[in-house]
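Here's a quick tour of one helix pair and the charged contacts in a single model. Have a look at the structure first, then read on.

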Amino acid sequence: MPKYYEDKEEDGRACGGVREDLRQCLLESSCVLQEKKSPKQCLREGHCKSLQVTFFACKRSMLDTRARFRGRKGY
């Protein structure tokens, strides 16, 4: 189960769960902790790629008119 559901307040924004998990993944990655790079640089280098793709799909589904019936992608 995603970390988002464990003892956290619910984010009212769209794709809030994926956003929070992506943020935590980047902040806990070795790129940020050991190499002292910014999370933005680590994201460009390819860390947490699966969460980045999920977040993109969730944001993209907000523009899709079929999402009214199917619901947003992601969690």
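## Helix packing and salt bridges

Let's start with the helices: α1 and helix α4 (residues 49–61) pack with their axes 9 Å apart, at an angle of about 155°. Since an angle over 145 degrees counts as roughly antiparallel, α1 runs roughly antiparallel to α4. As for handedness, α1 and α4 cross in a left-handed way. Keep in mind that all of this comes from a predicted model.

Which residues of α1 and α4 make the contact? On the α1 side they are Val 18, Arg 19, Asp 21, Leu 22 and Cys 25. From α4 come Leu 51, Gln 52, Thr 54, Phe 55 and Lys 59. Sorted by class, the contact of α1 with α4 has five nonpolar, three charged and two polar residues.

Now for the charges. How many salt bridges does a search of the whole structure find? It turns up three, and here they are with the separation of their closest N and O atoms:

| Salt bridge | Closest N and O atoms |
|---|---|
| Glu 20 with Arg 23 | 2.9 Å |
| Lys 37 with Glu 35 | 3.4 Å |
| Glu 45 with Lys 37 | 2.7 Å |

Take Glu 20 and Arg 23 to begin with. Both sit in helix α1 (residues 16–28), and because they are three residues apart there, about one helical turn separates them. Is Glu 20 buried or exposed? Glu 20 has a relative accessible area of 19%, so it is buried, given that the cut-off for buried is under 20%. Its partner Arg 23, at 38%, is partly exposed. So this salt bridge joins a buried residue to a partly exposed one.

The remaining charged residues belong together: Glu 35, Lys 37 and Glu 45 are linked in a network of salt bridges. Lys 37 pairs with Glu 35 and also with Glu 45, which puts Lys 37 in two of the table rows. How accessible are these residues? Lys 37 is partly exposed, its relative accessible area being 27%. Glu 35 is partly exposed too, with a value of 47%, and Glu 45 also counts as partly exposed, at 45% relative accessibility.

Key:
Residues numbered from 1 in each chain as written. Predicted model: local features only at pLDDT ≥ 70, side-chain atom pairs only at ≥ 80, totals over all residues. Heavy atoms only, no water. Salt bridge = Lys/Arg side-chain N within 4 Å of Asp/Glu carboxyl O. Helix = DSSP H or I, 4+ residues; strand = E, 2+ residues; numbered from the N terminus. Buried < 20%, exposed > 50% of the residue type's maximum accessible area, 1.4 Å probe, protein only. Axes fitted to C-alpha atoms, helices over the stretch in contact; angles between N-to-C directions. Parallel < 35°, antiparallel > 145°, perpendicular 65-115°, else oblique. Left-handed = near helix turned anticlockwise from the far one by under 90°. Contact = heavy atoms within 4.5 Å. Nonpolar A, V, L, I, M, F, W, Y, C, P; charged D, E, K, R; others polar.
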